[in-house]
Amino acid sequence: MKATRQYGEICMVCEEQKDRGLHILQQFICQECEQKILTAKTNDEYYKHYLSQLRKLKLVNASS
């Protein structure tokens with residue numbers, strides 16, 4: 001059996017392990033979600049999901 005190494009961090013938006021992204025208030029957002037957030041329109045299907053996930057930044061920062 002071959003062992004696999006996992007790299008990257010868990011994105012706070014899509015909750016998947018990704019290698020590339022940015023940190024905001026010590027929370028990781030992958031590059032794909034960053035692009036989706038930047039181009040999202042208020043009537044997009046996932047717009048409310050993005051808002052919900054980004055509100056976690058406020059909660060994490062408040063508890064620090």
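In the predicted model, a salt bridge joins the side chains of Glu 16 and Lys 18, with an N to O distance of 3.7 Å. Glu 16 is partly exposed, with a relative accessibility of 44%. Lys 18, by contrast, is buried: its relative accessible area is 18%, and buried residues are those under 20%. Lys 18 is part of strand β2, which spans residues 17–18.

Lys 18 takes part in a further salt bridge, with Glu 32, in which the closest N and O atoms are 3.5 Å apart. Because Glu 32 belongs to helix α1 (residues 31–39) and Lys 18 to strand β2, this pair ties together parts that are 14 residues apart in sequence. Glu 32 is partly exposed, at 42% relative accessibility. The side chains of Lys 18 and Glu 32 are also joined by a polar contact of 3.5 Å. Glu 16, Lys 18 and Glu 32 are thus linked in a network of salt bridges.

The surroundings of Lys 18 extend beyond this network. When residues up to four places away in sequence are not counted, Lys 18 touches Tyr 7, Gly 8, Glu 9, Phe 28, Cys 30 and Glu 32. Two of these residues, Phe 28 and Cys 30, are listed in the largest nonpolar core.

The count of salt bridges in the model comes to three. One of them is formed by the side chains of Lys 56 and Glu 15, at 3.5 Å from N to O. Lys 56 is located in helix α2 and Glu 15 in the loop between β1 and β2, so this salt bridge ties together parts that are 41 residues apart in sequence. Lys 56 is partly exposed, with a relative accessibility of 31%, whereas Glu 15 is exposed, at 52%. The cut-off for an exposed residue is over 50%.

Glu 15 also stands out in its backbone geometry. Most residues other than glycine have a negative phi. Glu 15 is not a glycine, yet its phi is positive, at about 60°. The loop that holds Glu 15 runs between β1 (9–10) and β2 (17–18).

A positive phi is also found at Leu 25, a residue other than glycine, where the value is near 50°. Leu 25 is placed in the loop between β3 (21–24) and β4 (27–30). With a relative accessible area of 40%, Leu 25 is partly exposed.

Leu 25 is among the contacts of Leu 57. Leaving aside neighbours within four places in sequence, Leu 57 is in contact with Met 12, Ile 24, Leu 25 and Gln 27. Both Leu 57 and Met 12 belong to the largest nonpolar core, which has ten residues in all. The other members of this core are Cys 11, Val 13, Phe 28, Ile 29, Cys 30, Cys 33, Ala 40 and Tyr 50. Two or more residues of the core are given by each of the elements β4 and α2 (47–62). Strand β4 gives the most, with three residues.

Helix α2 therefore appears in two settings: Lys 56 of this helix pairs with Glu 15 of the loop between β1 and β2, and α2 is one of the elements that give two or more residues to the largest nonpolar core.

How values were computed. Residues are numbered from 1 along each chain as its sequence is written. This is a predicted model: local features need pLDDT of at least 70, side-chain atom pairs count only at pLDDT 80 or more; totals for chains, interfaces and linings use all residues. Side-chain values use heavy atoms; hydrogens and water are left out. Helices (H or I, at least four residues) and strands (E, at least two) are DSSP runs, numbered from the N terminus. Buried means under 20% relative accessible area, exposed over 50%, partly exposed in between (1.4 Å probe, protein chains only). A nonpolar core is a set of buried Ala, Val, Leu, Ile, Met, Phe, Trp, Tyr and Cys residues joined through side-chain atoms within 4.5 Å. Contact means heavy atoms within 4.5 Å. A polar contact is a pair of N or O atoms within 3.5 Å; within protein, one must be able to donate a hydrogen and the other to accept it, and residues adjacent in sequence count only if both atoms are side-chain atoms. A salt bridge is a side-chain nitrogen of Lys or Arg within 4 Å of a carboxyl oxygen of Asp or Glu.
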